[in-house]
Amino acid sequence: MEKFVINGGKQLNGEVYVGGAKNAVVAIIPATILANDVSRIENVPDIEDVANMLEIVESLGGIVTREDAHTYVIDTRDVSCTIVEKEIAEKLRASYYLMGVLLGRFNHFKVALPGGCDLGARPIDLHIKGFEALNAKITDDGYYIEATTHGLAGGSVYFNTVSVGATVNTILAAVKAPGVTIIENAAKEPHIIDLANYLNKCGADIRGAGTNTIKIKGVDSLRGCEHAIIPDQIEAGTYMLACAAAGGTVTVKNVIPRHLECITQKLLECGVYVDEFVDSVRVRTEKSRHTNCDIYTTPYPGFPTDMQPQFTAFLAIAEGVSTVSEGVWSNRFRYVDQLLRMGADIKRLGDNKTAVIKGVSELHGALVKADDLRAGAAMIIAGLAATGRTEIEQIYHIDRGYEAVVEKLSALGADIKRVDDTEPPLTVITVA
Ligand code: EPZ
């Protein structure tokens with residue numbers, strides 16, 4: 001089994017380039033099926049979730065041509081299958097976006113329940129509410145979700161909980177639905193805007209993406225287009241926190257600073273310096289320990305839940321007491337058990353929605369595991385800041401969403417290696 005081995009205590013200095021946004025590309029790749037044409041997608045991150053999503057598109061009849069590690073040409077004219085089997089659907093959460101595109105293009109889907117990080121309950125009732133607002137009939141046999149319709153029609157839907165996935169899926173199903181669709185209390189994340197930009201370049205008529213009300217006028221057909229994925233807000237934030245925790249000066253390049261505003265403001269509050277430029281931010285630390293702060297995660301433009309574990313790892317060695325409240329997921333503090341093994345002083349309050357972090361002067365290395373993608377990122381950050389050797393297991397979670405994390409951190413001065421400890425130990429033959 002592969003693991004990361006980190007010898008901590010080294011500052012990070014230099015430049016790191018951020019890739020395309022995972023949560024945008026896992027929506028835009030399936031959206032190419034709606035185009036029923038050839039699309040060229042650039043700035044695609046080289047991560048497991050992308051590989052799995054491209055495999056799903058091919059399994060449905062799509063033709064994927066890899067121009068380079070970050071550029072794909074996707075021809076969906078021969079897509080005809082509307083069934084996504086369990087084996088590939090469960091490889092990632094975003095496989096449920098095939099529901100919206102298949103319903104939107106073929107008036108039918110039968111998709112196995114998705115996989116993804118275990119963050120507590122991850123229902124899809126709001127996705128179903130969106131599809132039903134478009135005149136689809138949904139059945140769920142506990143293994144597959146199926147949708148049928150005698151014809152989609154534009155409709156209105158209000159999401160009582162802000163949901164990225166349900167907003168994306170309703171947009172996907174609505175772009176060709178005759179009439180007008182209104183989505184109220186829509187998610188406003190940058191990846192929603194990126195998806196709408198791709199679809200509008202394909203000929204869709206989507207207005208209001210990035211606000212809480214999205215209006216979609218159904219069009220008869222779409223065509224392919226060229227599109228570059230926006231930079232990944234969470235990958236960028238992860239490297240910002242890595243520098244803040246380990247110390248040093250790091251310029252995070254190829255970002256949209258406005259998408260990082262919450263992270264920047266919270267780091268400034270803790271005494272970390274952050275300078276913003278056109279497409280980069282520079283993080284500077286001038287003292288070994290920073291002050292505490294309180295975090296409350298909410299949908300965009302609030303503090304992103306996907307940065308919550310990383311920030312907690314940083315606060316574990318800050319001065320004073322911090323509180324981190326999780327406003328999106330019901331169980332996103334499992335990783336705290338791993339930080340406790342490294343000497344952190346963190347208590348989770350009864351409802352498991354708040355962690356109280358008493359900063360310690362230092363963490364020590366330990367054998368820990370990545371419980372999920374962002375928990376894994378938090379383990380890396382803690383290992384970089386800790387004294388001694390940290391080994392992180394279950395790093396397949398991290399490979400789902402971070403491209404070349406060892407190479408990028410090593411280039412900044414970190415001592416981190418990917419080790420495969422399943423290799424048989426070398427047998428030493430002594431010659432008499
Ligand atoms: C997306 O998940 C992201 N994943 C998650 O990032 C991210 O944490 C989340 O949005 C919030 O920003 C992808 O984009 C692939 P939601 P999603 O629907 O769409 C409840 C990462 O690390 N809800 O916005 O599944 C739900 O329980 C991953 O990159 C319903 O009640 O999240 C949660 O409390 C982890 N019913 C809240 O809404 C539904 O039908 C927000 O969930 C759907 C969601």
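Q: Which residues is Ile171 in contact with, leaving aside its neighbours within four places in sequence?
A: Contact means heavy atoms within 4.5 Å. Beyond those sequence neighbours, Ile171 is in contact with Ile183, Ile192, Leu195, Leu199, Ile206, Ile214 and Ile216. Please keep in mind that this is a predicted model, where local features need pLDDT of at least 70, side-chain atom pairs count only at pLDDT 80 or more, and totals for chains, interfaces and linings use all residues. Residues are numbered from 1 along each chain as its sequence is written, while side-chain values use heavy atoms, with hydrogens and water left out.

Q: What makes a set of residues a nonpolar core, and which residues have the most contacts inside the largest one?
A: The members must be buried Ala, Val, Leu, Ile, Met, Phe, Trp, Tyr or Cys residues, joined through side-chain atoms within 4.5 Å. The largest such core has 78 residues, and Leu98, Phe109, Ile171 and Leu199 have the most contacts inside it. Helix H1 (residues 22-35) supplies the largest share, 10 residues. There is also a second, separate core of 76 residues, with Val16, Leu363, Ile381 and Tyr402 among its members.

Q: Why is Ile357 called buried?
A: Buried means under 20% relative accessible area, exposed over 50%, and partly exposed in between (1.4 Å probe, protein chains only). Ile357 has a relative accessible area of 0%, so the residue is buried.

Q: Where is Ile357 placed, and what does Ile357 touch?
A: Its place is in strand S21 (residues 354-358); helices (H or I, at least four residues) and strands (E, at least two) are DSSP runs, numbered from the N terminus. Not counting residues up to four places away in sequence, Ile357 touches Thr312, Leu315, Ala316, Gly320, Val321, Ser322, Val324, Asp345 and Ile346. Gly320 lies 37 residues away along the chain, and its C-alpha atom is separated from that of Ile357 by 8.3 Å.

Q: How do you know that helix H4 is mostly covered?
A: In helix H4 (residues 97-106), 9 of the 10 residues are buried. Those buried residues are Tyr97, Leu98, Met99, Gly100, Val101, Leu102, Leu103, Gly104 and Arg105. Asn107 follows H4 and has a positive phi, near 60°.

Q: Why do H10 and H12 count as roughly parallel or roughly antiparallel?
A: Angles under 35 degrees count as roughly parallel, over 145 as roughly antiparallel, 65 to 115 as roughly perpendicular and the rest as oblique. Axes are lines fitted to C-alpha atoms, for helices over the stretch in contact, and angles run from 0 to 180 degrees between N-to-C directions. Helix H10 (residues 308-315) and H12 pack at about 25°, with axes 7 Å apart. The two helices are therefore roughly parallel. At this packing, Pro309, Gln310 and Ala313 in H10 meet Arg374, Ala375, Ala377, Ala378, Ile381 and Ala382 in H12.

Q: Which strands are the edge strands of the open sheet that holds S22 and S24?
A: This sheet of 4 strands has the order S22-S23-S1-S24, with mixed pairing. Strand S22 (367-369) and strand S24 (415-420) are its edge strands, as each pairs on one side only. On average, neighbouring strands here are turned by 25° against each other, direction ignored. Helix H12 (residues 373-385) packs on the sheet and touches S1, S22 and S23, its direction making about 30° with that of S1.

Q: How do you know that strand S1 and strand S23 pair?
A: Two strands pair if DSSP finds at least two bridges between them. Strand S1 (residues 2-7) and strand S23 (residues 389-393) are joined by 4 bridges and run antiparallel. Val5 stands opposite Glu391 in S23.

Q: Why is one side of strand S2 and of strand S16 left without a neighbour in the sheet?
A: They belong to an open sheet of 4 strands with mixed pairing, in the order S2-S15-S17-S16. Strand S2 (12-17) and strand S16 (273-276) stand at the edges with a single partner strand each, so one side of each has no neighbour in the sheet. The average turn between neighbouring strands of this sheet is 10°, direction ignored. S16 is joined to strand S17 (residues 280-284) by 4 bridges, and the two run antiparallel. Asp275 stands opposite Arg282 in S17.

Q: In which sense do strand S7 and strand S9 pair?
A: Strand S7 (residues 108-112) and strand S9 (residues 144-148) pair in the antiparallel sense over 5 bridges. Val111 stands opposite Ile145 in S9. Strand S8 (residues 137-140) also runs antiparallel to S9, joined by 4 bridges. The hairpin of S8 and S9 has 3 residues between the strands, and Gly142 takes a positive phi near 90° there.
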